[in-house]
Amino acid sequence: MDADVIIAGLGAHGSSAAYRLAARGASVLGFDRFARGHTLGSSGGLSRIIRLSYYEHPDYVPLLRRAWILWRELEREIGEKLLTETGGLYAGDPDGELVAGALKSALAHDLEHEVLDAAALRNRYPLFEWPDGWQGVFERQAGWLAPERCIDTHLRLAEQNGATLRFAEPVESWTATRDGVRVNTAMGTFEAKQLVIAAGAWESQLAPSLASELSVERNVLLWFEPTAGRDAFARLPIYIVDDTDRIFYGFPYLEGQGVKVAGLHFGDKADADTVDRTISANDEERVRTWLRRRMPLANGRRLDAKVCMYTNTPDAHFIVDRLPDHPNVVVASACSGHGFKFSSVIGEILADLVIDGETRHPISFLSADRLVRG
C-alpha cells in the first residue's frame, strides 16, 4: 500500500479531509489536477458566505454550528483570520423559499434572529430598494470566509501532519482491489486501503454511477465600485435577496475588491474541462439589471469578474457517503453552489467515515442512495 487513503481532489473538501485524516494518524496521499493555489474549480473568488439560519434545509444547521467552531479553531491554530463576522440579511417575499426557509431553520434550532418588515428594512438598509410587503431575517452569526486562504491552510496543516500532496497530477481512473483501491494518475499507479473522491465538477468522471444525478453549471462572480456610499457599503452584512425569479447575493465593500455580487443558478450548463471562462456582456448585464432595480449605487465600474462552477444534484443537497457497491470509496461533492462553508466539518466527517466507518454527525439526508434509488 502506498497510503491508508488516497484523496482525489484537493479543493475545499479534499484539503480539509487531508488535514483531518493526517491529524488522526492516517497516511494520506492526495492528488489534484491543477497547480497548487489554482482557482479553476468551485472555490475561487476571494469570499464565500457562511450563515446558520439555513433556508435550504434545517438539517444543515447542526453541521453549520460545528463548521463554525472548526473554522475558529483553525484560526487559533494558525494565528490568521479566515472568517469575518458581518451578520447576515435574508430578504424577499415572506412566503418565498428564502425568508420562509431561513425562519424555519432559525425557529427549529433556536437561532438568535430578528424579523424585519419593509419599513425596518428601509430604515436599516437604505442602500437597497425594498418593495412593500417584503420581509427580512437578520442573524448576527454570519459572515464570509476567505476560500483560497482556507484551502491553503488545510493543505499546509495536512503536510505538517505527514500527508503527501501532489499537484498538476489528475486522477484518471480507479479500480477496486481485494484489499482496497488502485488509482491511476497521469504519472503512475498507486494503491491504498480507501479512496476519497472530492473532485468537484469532475466528480462524475470518477464516480460514474452518480453521473446521471450530477450536472455542472457555470457561474459568474462580479465586483463593482459603488458610484457613492462606499463607507455605507462597507458596513453591510452579507445579504441574500429572493427577487422575482432569482436569488441574488453579495458582500460588504472590501478595500481593494469593491462590492461582490452574483446571481444564483442562471442555469448555464457547462463541461468542467471546456467551461467558458470569458466574461460576456450578458453575464454582466444579468447582474447589473438587478443592481439597477434593487441596489442602484452599487451599479458602478466593474472591477473584476471570475467564473466558477457548481456541481448540482436534482434536490440541491450534497452527497457525503460511501459510494454504493464500493465500501472502500467515499464521495463528497455535488455541493450545488452552497458547500464551501461546510468544508471544515466535511473534512471531519470524511475522516470519521474512513477511520471509524461511521460519523456522529447527522448526514443521512446527504446519502448517495437517495439519488441512486430515485
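Two strands count as paired when DSSP finds at least two bridges between them. The exercises below apply this to a predicted model.

**Exercise 1. Find the bridge partner of Leu83 in β8, and describe the sheet to which β8 belongs.**

Step 1. Start with the residue pair. Leu83 has Leu145 of β8 as its bridge partner.

Step 2. Go from the residues to the strands. β4 and β8, the latter made of residues 143-145, are joined by 3 bridges and run antiparallel.

Step 3. Place this pair in its sheet. The sheet is open and has 3 strands, ordered β3-β8-β4, with antiparallel pairing. Its edges are β3 (48-50) and β4 (83-85), each of which pairs on one side only. On average, neighbouring strands here are turned by 30° against each other, direction ignored.

Step 4. Add the helix. Helix α2, residues 61-78, lies across β3, β4 and β8 and runs at about 115° to β4.

**Exercise 2. Determine which strands pair with β7, and whether the residues on its two faces are buried or exposed.**

Step 1. Take the pairing with β5. Strand β5 (residues 88-92) is antiparallel to β7, and the two share 5 bridges. In this pairing Ala91 stands opposite Gly136 of β7.

Step 2. Take the pairing with β6. Strand β6 (residues 114-117) also runs antiparallel to β7, with 4 bridges between them. Here Val115 is opposite Val137 of β7.

Step 3. Recall a general point about strands. Side chains in a regular strand alternate between the two faces of the sheet.

Step 4. Read the two faces of β7. One side carries Gln135, Val137 and Glu139, the other Gly136 and Phe138, and all of these are buried. Both faces are thus covered. The count for the strand, residues 135-139, is 5 of 5 residues buried.

**Exercise 3. List the strands that pair with β12, and give the sense of each pairing, parallel or antiparallel.**

Step 1. Begin with β1. Strand β1 (residues 3-8) pairs with β12 (residues 189-197) in the parallel sense, over 5 bridges. Ala3 stands opposite Ala192 of β12.

Step 2. Continue with β11. Strand β11 (residues 181-185) is antiparallel to β12 and is joined to it by 4 bridges. One pair of partners is Arg182 and Glu191, the latter in β12. The connection from β11 to β12 is a hairpin of 3 residues.

Step 3. Finish with β20. Strand β20 (residues 326-333) and β12 are parallel, with 3 bridges. Leu195 stands opposite Val329 in β20.

Step 4. Collect the results. β12 pairs in the parallel sense with β1 and with β20, and in the antiparallel sense with β11.

**Exercise 4. Decide whether Asp352 is buried or exposed, and describe the helix in which it is found.**

Step 1. Locate the residue. Asp352 belongs to helix α9, which covers residues 343-355.

Step 2. Apply the cut-off. A residue is buried when its relative accessible area is under 20%. The value for Asp352 is 5%, so Asp352 is buried.

Step 3. Look at the surroundings. With neighbours within four places in sequence left aside, Asp352 is in contact with Arg24, Gly357, Glu358, Thr359, Arg360 and His361.

Step 4. Extend the question to the whole helix. Of the 13 residues of α9, 12 are buried, so the helix is largely enclosed by the rest of the structure. Among the buried ones are Ser343, Val345, Glu348, Leu350 and Val354.

Step 5. Check the length. With 1.5 Å a residue, the 13 residues of α9 should span 18 Å, and the end C-alpha atoms are 18 Å apart, which agrees.

Step 6. Look past the helix. Gly357 follows α9 and has a positive phi, near 80°.

**Exercise 5. Explain why the protein chain is described as being as compact as a globular protein of its length.**

Step 1. List the elements. The protein chain contains 10 helices and 20 strands.

Step 2. Compare the radius of gyration with the rule. The radius is 21 Å, close to the 21 Å that the globule rule gives for 374 residues, so the chain is as compact as a globular protein of that length.

Step 3. Add the dimensions. Along the principal axes, the C-alpha atoms fill a box of roughly 65 × 45 × 45 Å.

Step 4. Add burial and contacts. Of the 374 residues, 59% count as buried. Among contacts with a separation of 6 or more, 72% are between residues 24 or more positions apart.

Step 5. Add the surface. The protein chain exposes about 14900 Å², of which carbon and sulfur atoms supply 46%.

Notes:
Residues numbered from 1 in each chain as written. Predicted model: local features only at pLDDT ≥ 70, side-chain atom pairs only at ≥ 80, totals over all residues. Heavy atoms only, no water. Axes fitted to C-alpha atoms, helices over the stretch in contact; angles between N-to-C directions. Contact = heavy atoms within 4.5 Å. Rg over C-alpha atoms; globule rule 2.2 N^0.38 Å. Buried < 20%, exposed > 50% of the residue type's maximum accessible area, 1.4 Å probe, protein only. Areas by Shrake-Rupley, 256 points an atom, 1.4 Å probe, with all protein chains shown as cover. Expected span 1.5 Å × (residues − 1).
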